[in-house]
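Welcome! Have the sequence and the 3D view open, and work through the exercises below one step at a time.

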Amino acid sequence: MLALLMVSALGMLPQDPPRDLAALLANNSARLAPIAKHAEDHRLQILLAEPVTQGDGTVTLRRSRLGNPNRYFYPASSIKLCAVVAALLELNALNAREHAHFGLDSALTIEARFRGDQRTDKDPSNLDSGQLTLRHCIRRICLVSDNECFNHLYEFVGQQRLHEVLWDAGYPSLRIDHRLSEATPTPQQHQSRPVTLREGDASVRIAHEDCSLALTNDQWTDLALGEAWLRGGKRINEPMPCTKKNAVLLEDLQNMLIEVVHPEIDTGTKGFPGLTEEQRSFLKEALSQLPRQSRNPVYDPKKYPDDYVKFLLPGVTKVIPLEHLRIYSKIGCAYGCTIENSWVEDTRTGKGFALAAVIYTNPDGVMNDDAYGYEEIAYPFLADLGEAVARLVLGDTKPKSR
């Protein structure tokens, strides 16, 4: 009793124990239970974080976990959130340093540097001006996970600065060793193309020095995927090494998203106090919009359905009606690894939770053959996981049909 009184006096409530996620999988649906039985084969990780308001008004997290956090997974496009946040913070730092007023709609030019490059300053999907801008790059990343736009932000921030910004914010596991879908030699991956920002008559040219960071993946285990892999059409009968591929801990990705969406929650990291309210509002809108809701750029819903970058959506809408559902997310899918990183919220009540998950699927064991089982295994699993967790945390709030 005395201990409870002391805790209450400090404003901290007794913490609920973590939820049994293994039991949740085992007891739910024909698609969840089989994955639970072979969780090791699927390199399965699940992180559930639920906000808890303490007696003194601070908001902490009740965290529940499944899987080995240090087992390697390829983060694919989920890592783009890192570049988006770093770009916004660097824009603010640039303005402070140059006593300038560049913004999200300032014209952005990426210069040619490597063989085969062409100068990039036009964006035909930008209906306002046809000009490449940070705003359009970020929206395309969030709405349809555009690889080229991630690479543009990689040039703007610079590889070394990108790490320094995110490490300082409390995410030391981040390793972005290369651009996405750009097969250039490793030395070029550690160099940056010069970038120019232009606002009216004012302009600034940014040319980053080569990255000198020693990036290693030595904190992860099982740094190889598959049983064989294809390189240049030739089969190599050994696992594909991932020692020099992008990497990040799943918890760092989850904390990063929470810090963007709900900065009032104490994640245990410094977070991003340097983001302005305008920037945060813009980013939250981009992370939560469905492709068909975007007016600039415009996306064909037949090519980009609602769940194109929201893998939880089909399952969660069985619990929360779509008109009352908001999902902030940045997913990833490559090399057989499917990553979900979302904040799910019922707009009627304001209640929500963060759910991050990784599942590896590769039925034939061969890397680079594009036969990874995403649609057959990974996407249905994540949809069912979203439904199960939403029912567990929020209850069944969807009206029953009569």
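## Exercise 1: The second largest pocket

The lining of the second largest pocket has 3 nonpolar, 5 polar and 6 charged residues. Keep in mind that this is a predicted model.

**Task.** Find which residues are the closest to the centre of the second largest pocket, and give the pocket's volume.

**Solution.**
- Step 1. Start with the space itself: the second largest pocket has a volume of about 260 Å³.
- Step 2. Turn to the lining, which is made up of 14 residues.
- Step 3. Pick out those closest to the centre: Asp41, Glu227, Tyr360, Asn362 and Gly365.

## Exercise 2: The largest pocket

**Task.** Describe the largest pocket by its space, its lining residues and the elements that contribute to the lining.

**Solution.**
- Step 1. The largest pocket holds about 1,200 Å³ of space.
- Step 2. Its lining counts 43 residues, and Tyr74, Ser181, Cys333, Ala334 and Tyr335 are the closest to the centre.
- Step 3. Now look for elements that give two or more residues to this lining: they are α8 (186-189), β7 (228-231), β9 (240-241), β11 (332-334) and α12 (374-394).
- Step 4. Of these, α12 gives the most, with 4 residues.
- Step 5. Sorted by class, the lining of the largest pocket has 23 nonpolar, 11 polar and 9 charged residues.

## Exercise 3: The cavity

**Task.** How many cavities of 30 Å³ or more are there, and which residues line the largest cavity?

**Solution.**
- Step 1. The count comes to 1 cavity of 30 Å³ or more.
- Step 2. About 30 Å³ of space lies in the largest cavity.
- Step 3. Its lining is formed by Arg175, Asp177, Leu215, Thr216, Asn217, Thr243, Lys244 and Lys245.
- Step 4. By class, these residues divide into 1 nonpolar, 3 polar and 4 charged.

## Exercise 4: Two helices that pack

**Task.** Work out how helix α9 and helix α10 are oriented to each other, and which residues meet.

**Solution.**
- Step 1. Locate α9 at residues 250-261 and α10 at residues 277-288.
- Step 2. The two helices pack at an angle of about 120 degrees, and their axes are 9 Å apart.
- Step 3. Angles of 65 to 115 degrees count as roughly perpendicular and those over 145 as roughly antiparallel. The angle of about 120 degrees fits neither, and therefore α9 and α10 are oblique to each other.
- Step 4. On the α9 side, Leu257, Glu259, Val260 and Val261 take part; they meet Arg280, Leu283, Lys284 and Leu287 in α10.
- Step 5. The contact has 5 nonpolar, no polar and 3 charged residues.

## Exercise 5: Three residues

**Task.** Are Thr109, Phe114 and Ser288 buried or exposed, and what do they touch? Leave out neighbours up to four places away in sequence.

**Solution.**
- Step 1. Recall the cut-off: buried means under 20% relative accessible area.
- Step 2. Thr109 sits in strand β3 (residues 107-110). Its relative accessible area is 5%, so Thr109 is buried. Thr109 touches Arg119, Thr120, Asp121, Pro194, Val195, Thr196 and Arg198.
- Step 3. Phe114 is in the loop between β3 and α5 (134-144). With 9% relative accessibility, Phe114 is buried as well. Phe114 touches Arg179, Gln188, Gln191 and Arg193.
- Step 4. Ser288 belongs to helix α10. At 17%, Ser288 also counts as buried. Ser288 touches Gln293, Lys310, Arg326, Ile327 and Tyr328.

Technical notes
Residues numbered from 1 in each chain as written. Predicted model: local features only at pLDDT ≥ 70, side-chain atom pairs only at ≥ 80, totals over all residues. Heavy atoms only, no water. 1 Å grid on protein atoms, 1.4 Å probe; cavity = no way out; pocket = protein on both sides within 12 Å on 5 of 7 lines; lining within 4 Å. Points joined across faces, edges and corners; volume = space filled by probe spheres on them. Nonpolar A, V, L, I, M, F, W, Y, C, P; charged D, E, K, R; others polar. Axes fitted to C-alpha atoms, helices over the stretch in contact; angles between N-to-C directions. Parallel < 35°, antiparallel > 145°, perpendicular 65-115°, else oblique. Contact = heavy atoms within 4.5 Å. Buried < 20%, exposed > 50% of the residue type's maximum accessible area, 1.4 Å probe, protein only.
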